[in-house]
Amino acid sequence: MPLLKPLSIDSFIRVARSFVGQREIGHNGGPFVTKILAKVGLGPGWAWCAAFVSDVFEEAGVEGIGPKKGRAAVQNWSTWAWSLNIVKLAPKAGDLFYWLHPDGKGHMGIVTEVTILGGGKIEIKAVSGNTNTKGSREGDGVYEQEFLTSDRPGIRFIRWALVA
């Protein structure tokens, strides 16, 4: 069993939200960022959105979710999820979201709320690290943002709870 302790999706989301407001110092540095990058085997200076997701799982007491190696790379999370057939096109609260660019760079975070709008549009609220108020994949901290899934080409959702 991958979980160290029983965990509800609501509890997982609360842990993710508890980090909102953390900021990096310089470019991909500072005590918070250095700590979570070290947990995935990297030093300061690396993009850290996937390392943030890994840290939320750890802080929530969950083990066994995500790739065994390369936990700081969105592409590795995608490969892991596809291998388990847990990549979805429609989000649920608690899912991980991600997108990848053709060059292999991407961004990921944690879906905290889902709202179905008229006309087939879906709005999500999500917490992610290494972003900013505009939702960049190379930002300055941990934020919770709302956006339409249609505004993020190629967005996918990892339903990790299926393997927990």
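Student: Which residues is Phe-52 in contact with, leaving aside its neighbours within four places in sequence?

Tutor: In this predicted model, the partners of Phe-52 include the aromatic residues Phe-19 and Phe-32, along with Ala-16, Ile-36, Ile-110 and Val-127. Ser-128, Gly-129 and Val-142 complete the list.

Student: How do I place Phe-52 in a wider picture, and how many residues are in the largest nonpolar core?

Tutor: Start from membership: a nonpolar core joins buried residues through side-chain atoms within 4.5 Å. Here the largest one has 33 residues, and Phe-52 is among those that touch the most other members, together with Trp-48, Phe-57, Trp-77, Leu-96, Met-108 and Ile-158.

Student: Which element gives the most to this core?

Tutor: That is α3, with seven residues. At least two residues each come from α1, α2, α3, α4, β2 and β3. There is also a second, separate core of nine residues, with Trp-99, Val-111, Ile-124 and Ile-155 among them.

Student: Why might neighbouring positions of one strand point to different sides?

Tutor: In a regular strand, side chains alternate between the two faces of the sheet. As for the pairing here, β2 and β3 are antiparallel, with five bridges, and Leu-100 sits opposite Gly-106 of β3. On to the next pair: β3 and β4 are antiparallel too, joined by six bridges, and Ile-110 faces Val-127 in β4. You met both of those as contacts of Phe-52.

Student: What should I look for in the turns of the hairpins?

Tutor: Check the sign of phi. Between β2 and β3 there are five residues, and Gly-104 has a positive phi near 90 degrees. The hairpin of β3 and β4 also has five residues between its strands, and Gly-119 in the turn shows a positive phi of about 70 degrees.

How values were computed: Residues are numbered from 1 along each chain as its sequence is written. This is a predicted model: local features need pLDDT of at least 70, side-chain atom pairs count only at pLDDT 80 or more; totals for chains, interfaces and linings use all residues. Side-chain values use heavy atoms; hydrogens and water are left out. Buried means under 20% relative accessible area, exposed over 50%, partly exposed in between (1.4 Å probe, protein chains only). Helices (H or I, at least four residues) and strands (E, at least two) are DSSP runs, numbered from the N terminus. Contact means heavy atoms within 4.5 Å. Two strands pair if DSSP finds at least two bridges between them.
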